[in-house]
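Work through the exercises below with the sequence and the structure in view, and try each task before reading its solution.

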2 protein chains.
Amino acid sequence: MQFAHIASAYSGELDYLTKRIAAMGGHAERMVEQAIAALVHGDPSLAQKVVRDDSVLDEAQREVDDKAIVIIARRQPMARDLREVIGAIRISADLERVGDLAKNVAKRAVVVADGGQPTRLFRGIEALADLALAQLTQVLDVYATRVVEKLGYMRDRDDEIDAMYTSLFRELLTYMMEDPRNITPCTHLLFCAKNIERIGDHATNIAETIHHIVTGEQMPADRPKGDKTARMMVLPPKPTA
Amino acid sequence: MQFAHIASAYSGELDYLTKRIAAMGGHAERMVEQAIAALVHGDPSLAQKVVRDDSVLDEAQREVDDKAIVIIARRQPMARDLREVIGAIRISADLERVGDLAKNVAKRAVVVADGGQPTRLFRGIEALADLALAQLTQVLDVYATRVVEKLGYMRDRDDEIDAMYTSLFRELLTYMMEDPRNITPCTHLLFCAKNIERIGDHATNIAETIHHIVTGEQMPADRPKGDKTARMMVLPPKPTA
């Protein structure tokens, strides 16, 4: 009886971690959505809300960490249970970073709003964010259902994000070259795009962690990491003499 | 006898983790130094070496993770020992990220080299990197000696890095406005500067982890996180009519 009682308290603790992570995930998704909305619609009060909301994730991460360490010390989990607990520590760190990146986008929203940039640049950012958010939603869904077979699709979306970020990078640089007044707002948009691309990377990290939790194996490391813009040279148009 | 034997094998395992982390730290420092040298002197073969060297850290992180999980499962460490093992997982993740950031700087070195940018911009990057590297070296020294009292000094250097990054950001944007041909190389230098600033952040993360390992307490959270450039507007000079 006593034993069953302990076991059920233990599984309750693991459930608590899982629920806390799911809540962090939902919060992070909302922050990203609202940061992008604040950027695209130039909404400073929404931007400020996102900046304030970040502390929720910081605190949640700290709580997940503390809780996880108490579980390890008290319950001495093994195998899959241990991977669950260590996995929770990792995933909460990734989600906390997603919140930081959303906050950074929100901060830039205010400066960009004053620049009056053309709609098509915002559309590019929005499309990139949609892909990264879809990846985040998918990975959180796999965390909830543990159907790891769905993780395979993420690779293709990685490539899509990569291609879209690369074309946005080129477009922003070209636009900066057209008029020096575009340089400050477009620099902020460049950093926003980079932040979104990194949100996609964190989604992929989370996918790898879930894969490890469920299977005990590392995901095959064929993912091409790092964006392709690091070596990109964009030249100003030739002056029409 | 048997018990003493187990205890000593265990402390040997913890020592192994600590040594592995120290080696990762040395490797990460070298990568940062060489990435900056490749950038400043436009040395593509050194840049390629840094890109190749990154896989060492990826592999070391995976090994530390696996080893740490085996230690937790087999030895069921408590209190300080448990914090050591969880701390090793966290620190190796930060060092792996430092390697990624150094690799990204190295990749950009090749494009920047073709741009023929003025020496003073490189000097700014170098000075920023010196600060971040000093922080990394100090924190690795504290990890080796466990004299956490030395961590207090890091806060001041955080502020210095912040101020220097902010002024470099402004300088690079101004320089981009002077001539559209500067835009691509200076964008890469902006991302390099951002990467170096983030290397400083990872050093601070490591400081916080060491503080937690040794004292069991979180470091007071008065650190002002996030760079100040996110809200910065730099305007082109007025045309001299």
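**Exercise 1: the symmetry**

Of the residues of chain B, B:Gln76 lies closest to the rotation axis, its C-alpha being at 3.0 Å. This is a predicted model, in which local features need pLDDT of at least 70 and side-chain atom pairs count only at pLDDT 80 or more, while totals for chains, interfaces and linings use all residues. Residues are numbered from 1 along each chain as its sequence is written, chains are lettered from A and ligands numbered from 1 in the order in which they are written, and side-chain values use heavy atoms, with hydrogens and water left out.

Task: state what turn and what shift along the axis lay chain B on chain A.

Solution. Copies are superposed by least squares on the C-alpha atoms of residues with pLDDT of at least 70 in both. A turn of 180° with a shift of 0.0 Å along the axis lays chain B on chain A, with an RMSD of 0.0 Å. That is therefore the relation of a two-fold axis. The same surface serves both copies, since 100% of the contact residues of chain B (contact means heavy atoms within 4.5 Å) recur in chain A.

**Exercise 2: the interface**

Task: find how many residues of each chain are in contact, and how much area is buried between chain B and chain A.

Solution. In chain B 45 residues are in contact with 45 residues of chain A. Buried area is the accessible area (1.4 Å probe) that two parts lose on being put together, summed over both. Chain B and chain A bury about 4,300 Å² between them, and 64% of it is on carbon and sulfur atoms. B:Phe191, B:Ala230 and B:Arg231 supply 13% of the area that chain B buries against chain A, more than any other three residues.

**Exercise 3: two helices across the interface**

Task: describe how H6(A) and H6(B) cross, and name residues that make the contact.

Solution. Helices (H or I, at least four residues) are DSSP runs, numbered from the N terminus. Axes are lines fitted to C-alpha atoms, for helices over the stretch in contact, and angles run from 0 to 180 degrees between N-to-C directions. Helix H6 (residues 183–215) of chain A and helix H6 (residues 183–215) of chain B have axes that come within 12 Å and cross at roughly 50°. H6(A) is therefore oblique to H6(B), a term for angles that are not under 35 degrees, over 145 or from 65 to 115. Among the residues making the contact are A:Phe191 and A:Arg198 of H6(A), and B:Phe191 and B:Arg198 of H6(B).

Key:
Helices (H or I, at least four residues) and strands (E, at least two) are DSSP runs, numbered from the N terminus.
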